[in-house]
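The following exercises concern a protein model with a bound ligand. Each task is followed by a solution that proceeds step by step.

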Amino acid sequence: MSRRIPVEPDHIISVRGITKNYPGGIQAIREITMDVHRREVVCVIGPSGSGKSTFLRCLNGLEQIDAGTIIVDGIPLDGNRRHRDEIRREVGMVFQSFNLFPHMTVRRNICLAQKRVRGKSDEEAFAVTHALLRRVGIEEKTDAFPSQLSGGQQQRVAIARALAMNPKVMLFDEATSALDPEMIGEVLAVMRDLALEGMTMVVVTHEMGFAREVADRIVFMDEGVIVEEGEADEFFDAPREERTKAFLSKIL
Amino acid sequence: MIPGSHKRRFTLLDAVLIAAMIAAVILLARRIRDDLVYQWQWSVIPQYLVRRQASTGRLVAGVLVQGLLMTLRLAFWSAVGALLIGVGVGILRITKSRSARAIGRVYVELMRNTPPLVLVFIFFFFIGNQVTTALGIDSWVRNAPEGTRQTITLLFSPPARFAEFLSATMTLAVYEGAYMAEIIRAGIQSVEKGQTEAAYAVGLTRSDQYRFVILPQAVRTISPALAGQFISTIKDSAIVAVISVQELTFRGLELMSATFRTFEIWITVTVLYFILTGGLSAAARIVERRMRVRGH
Ligand SMILES: Nc1ncnc2c1ncn2[C@@H]1O[C@H](COP(=O)(O)OP(=O)(O)OP(=O)(O)O)[C@@H](O)[C@H]1O
Ligand SMILES: [Mg+2]
């Protein structure tokens, strides 16, 4: 197994001074430092292009950072491929555009990684899959293909697919932004339940009501840096920074 | 208007075109009958398709049908090889590694810019003659037990001509592989980036990402092009007649010098090729439609 780095035992994710540049001289994020505690729900908000997605995608190695360190559950997310593989197994991710595998049934979408990565048998994987589908409220769609589901249902399957790996952290990148308004609620409800059950979550969202209600902490990003962070009520009721105030006044 | 209904309407243009075509055929047929100094003798052809074996009285494949079967075997194994090469090189062409991409690129360019006939000779003289002998494949095949030899004959080629068959298959695989690689590369690139990202995020290994997520989706979009490439392989396989692989064109050449029934033989050969390729493209269309109906 990998060599675990001693960090605050309570920190599941520890980010130190990370920077990410895209080709063309775009500095998507600049020297971000932050920690995520076990069982904590962090909501990341900020204007479009502020680097929220980039930040999230760095946390499971979807984007490679140019500077700084990321440690997930004691494992450094560095050049070492074994470390990266171990981390992405432990970190679930839900995308704005669902990204279900369109050529597989719902069941296979959820079973695939359980079997291939965790080495579970068909029976074990099926059992977990059915339990998860019940939990997200769409057991009856087990044998449907993604194209036969509504957006809200697809996103709930995507959440179930990520949960099937029994992750230590879940990342959500605007999980409801691609949904019709009437479907946003059903997905947020699943996420809320997950938070109540104690899942550690980092959630990029535009749903301020959800953020305020569910988040332990709000992180506000702008132009690739964390401008302000704080406990949810405090953050919304008494923002300190000018940029935060300007942003909140525009969207609330 | 109901979509597609215009397809079934018989227009004046259709009538004119069909009439013109019939007229052209009649004219051509009459010219051939009246002016061509050629004694048609179609009756020689059937025995080259199916004939009755003298000793047993059973119906067996005539030389042209044997040639057709050899063409099919040749094209099948070449296509299998080309597909493997195509997947490998197609992936090489889009990896992050610069040198891997360069290798893939050089291979594809080399194959696409070399006359296939030259490749046939290179493979025949270097691989067919030298390598198969050096590796002892040739003698192994020749000295294999009778049962094995029969299986080899059924699946590949008669043991006596195995070296030719092997180099022909390799030539075609390597040549068609370059085109396969480009098709597969395009197919992989047509799969949305989010698919790879989702497969990555659930922890699948790189090879599992390809095997379960990317390639199955790529195959769906490129299956018409793959079927087309297989049909090209069948057509291109005629070229290996020059190294005496007994496929359809070679059989045609042989028969022609033995019987001088030039026109009958080549018309028959053409029809046989067409039955094979036309049948396959019809089958490919049906499969494709099935897949579309299933909606993914
Ligand atoms: N693949 C990429 N290549 C080049 N530039 C990129 C890429 N992805 C993001 N960027 C740039 O990086 C910056 C941060 O983008 P990012 O997607 O992280 O923002 P965001 O906060 O998620 O925005 P949104 O709310 O619109 O999703 C933007 O300037 C964006 O244009
Ligand atoms: Mg984003």
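**Exercise 1. The ligand shell**

By class, the shell around ligand 1 has four nonpolar, seven polar and two charged residues; here Ala, Val, Leu, Ile, Met, Phe, Trp, Tyr, Cys and Pro count as nonpolar, Asp, Glu, Lys and Arg as charged, and the others, Gly among them, as polar. This is a predicted model, in which local features need pLDDT of at least 70 and side-chain atom pairs pLDDT 80 or more, while totals for chains, interfaces and linings use all residues. Residues are numbered from 1 along each chain as its sequence is written, chains are lettered from A and ligands numbered from 1 in the order in which they are written, and side-chain values use heavy atoms, without hydrogens and water.

Task: Determine which residues come nearest to ligand 1 and which polar contacts they and others make.

Solution.
1. Nearness requires a heavy atom of the residue within 4 Å of the molecule. Of the 13 residues around ligand 1, the nearest are S48(A), G49(A), K52(A), S53(A) and T54(A).
2. A polar contact is a pair of N or O atoms within 3.5 Å; within protein, one must be able to donate a hydrogen and the other to accept it, and residues adjacent in sequence count only if both atoms are side-chain atoms. A backbone N or O atom of G51(A) is 3.0 Å from an oxygen atom of ligand 1.
3. The side chain of K52(A) places an N or O atom 2.8 Å from a ligand 1 oxygen, and a polar side-chain atom of E174(A) lies 3.2 Å from an oxygen atom of the ligand.
4. Of the 630 Å² of accessible area that ligand 1 has on its own, the protein covers 63% (Shrake-Rupley method, 1.4 Å probe; for residues, only the protein chains shown count as cover).
5. The elements giving two or more residues to the shell are β2 and α1 (52–59) of chain A. The largest contribution, three residues, is that of α1(A). Helices (H or I, at least four residues) and strands (E, at least two) are DSSP runs, numbered from the N terminus.

**Exercise 2. The sheet of chain A**

Task: Establish the strand order of the open sheet in chain A and state which strands stand at its edges.

Solution.
1. Strands pair if DSSP finds at least two bridges between them. Strand β1 (residues 11–22) of chain A is joined to β2 (residues 26–37) of chain A by eight bridges, and the two run antiparallel.
2. Three residues lie between the strands of this hairpin, where G24(A) takes a positive phi near 95°.
3. Five bridges connect β1(A) with the antiparallel β4 (residues 67–72) of chain A.
4. S14(A) stands opposite D35(A) in β2(A) and opposite I71(A) in β4(A). V15(A) faces I70(A) in β4(A).
5. The open sheet of four strands therefore has the order β2-β1-β4-β5 (chain A), with antiparallel pairing. At the edges are β2 and β5 (75–76) of chain A; each has a single partner strand, so one side of each is left without a neighbour in the sheet.

**Exercise 3. Cysteines**

Task: State how many disulfides there are over all chains.

Solution.
1. A disulfide is counted when two cysteine sulfur atoms lie within 2.5 Å. The count over all chains is zero.
2. C58(A) is in no disulfide, the nearest cysteine sulfur, that of C43(A), being 19 Å away.
3. C58(A) counts as buried, at 0% relative accessibility (buried is under 20% relative accessible area, exposed over 50%, partly exposed in between; 1.4 Å probe, protein chains only).
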